[in-house]
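Please look through the structure shown below with attention to its side chains. The paragraphs after it take up aromatic rings, a surface patch and charged pairs in turn.

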Amino acid sequence: MAWVPAESAVEELMPRLLPVEPCDLTEGFDPSVPPRTPQEYLRRVQIEAAQCPDVVVAQIDPKKLKRKQSVNVSLSGCQPAPEGYSPTLQWQQQQVAQFSAVRQSVNKHRSHWKSQQLDSNVTMPKSEDEEGWKKFCLGERLCAEGAIGPATNENPGIDYIQIGFPPLLSIVSRMNQATVTSVLEYLSNWFGERDFTPELDSKDDERVPALNLLICLVSRYFDQRDLADEPS
């Protein structure tokens, strides 16, 4: 008998990658026997494909869909800052312009800062060393105590190994984008493990400008508009 695959709209949209001649199978054809030639194998694939239905309907138990279907998603965006906490639009525009200029300057002089000799006590961890980066940025004392609080530098000769190294250009310029992303994730995880949520005492809190600057740059410069403060 002769078997010829039927043409369909599917074949018009998805033309065959490997054309196969129509197969002529004898009456003694046994699909359970392994194919003896590549052509016979491809023809068997043709037969199996022709036997597949064009549309398949999945059998779904409606009872299972009723379980764990409650998902609360807020589409209202971020909550606006209390009155007096958000900066003016002019201030935000100034910060974006200054950040853009500083960023271009850093990129321009990156090779210069990268060539600067680091102090003998500065040993940068490898990119995958999460604990090493936590100690490097936060200091061994803070990592050991697990407490969160502002580090004071009353002694000019204080040991940075204990309080963490500041993000000097001579250090940051040696970090590629993958390392920077990893380190930020390490620090974010560290704060998250301690349920760190800064509570501001008032709009005059000294931390307000720093937080506003971060929000401003992320929203205005890097175009995450859902975080942007409304002009005040």
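Phe 191 has a relative accessible area of 27%, so this residue is classed as partly exposed in this predicted model. Trp 190 has a relative accessible area of 3% and is therefore buried, since buried means under 20%. The two rings form a pair: their centres are 5.2 Å apart and their planes stand at 90 degrees, which makes the arrangement edge-to-face. That label applies because an angle over 60 degrees counts as edge-to-face. The pair thus joins Trp 190, which is buried, to Phe 191, which is partly exposed.

A pair of aromatic rings is described by the distance of the centres and the angle of the planes. Across the whole structure, a search finds six aromatic pairs. One of them is formed by Phe 99 and Tyr 221, with 4.9 Å from centre to centre and 80 degrees between the planes, again edge-to-face. Which helices hold these two rings? Phe 99 lies in helix H4 (residues 89–108) and Tyr 221 in helix H11 (residues 208–221), so the contact ties together parts that are 122 residues apart in sequence. Phe 99 is partly exposed at 25% relative accessibility, and Tyr 221 is partly exposed with a relative accessible area of 25%. Phe 222 also belongs here, as ring pairs link Phe 99, Tyr 221 and Phe 222 into a cluster.

Helix H11, which holds Tyr 221, is also where Val 218 is found. Val 218 has a relative accessibility of 34% and so counts as partly exposed. Together with Ile 215 and Leu 227, Val 218 makes a nonpolar surface patch of about 190 Å². Val 218 can take part because its 34% passes the requirement for patch residues, which is over 30% relative accessible area.

The charged side chains come next. Side chains of opposite charge can pair when their charged atoms come close. Four salt bridges are found in a search of the whole structure. Among them is the bridge between Arg 225 and Asp 223, whose closest N and O atoms are 2.9 Å apart. Arg 225 is partly exposed, with 48% relative accessible area.

Two further salt bridges involve Lys 134. With Glu 130, the closest N and O atoms are 3.3 Å apart. Lys 134 and Glu 130 are four residues apart in helix H6 (residues 130–138), a separation of about one helical turn. With Glu 131, the N to O distance is 3.5 Å. Glu 131 and Lys 134 also both lie in helix H6, three residues apart, which is about one turn of the helix.

Is Lys 134 buried or exposed? Its relative accessibility is 4%, so Lys 134 counts as buried. Both of its partners are classed otherwise: Glu 130 is partly exposed at 26% relative accessible area, and Glu 131 is partly exposed at 46%. Salt bridges that share partners join Glu 130, Glu 131 and Lys 134 into one network.

How values were computed. Residues are numbered from 1 along each chain as its sequence is written. This is a predicted model: local features need pLDDT of at least 70, side-chain atom pairs count only at pLDDT 80 or more; totals for chains, interfaces and linings use all residues. Side-chain values use heavy atoms; hydrogens and water are left out. Rings of Phe, Tyr and Trp (its six-membered ring) pair if their centres lie within 6.5 Å; planes under 30 degrees apart count as stacked, over 60 as edge-to-face and the rest as tilted. Buried means under 20% relative accessible area, exposed over 50%, partly exposed in between (1.4 Å probe, protein chains only). Patches are made of residues with over 30% relative accessible area and no salt bridge: like charges are joined within 9 Å, nonpolar side chains (Val, Leu, Ile, Met, Phe, Trp, Tyr) within 5 Å. Accessible areas come from the Shrake-Rupley method with a 1.4 Å probe; for residues, only the protein chains shown count as cover. A salt bridge is a side-chain nitrogen of Lys or Arg within 4 Å of a carboxyl oxygen of Asp or Glu.
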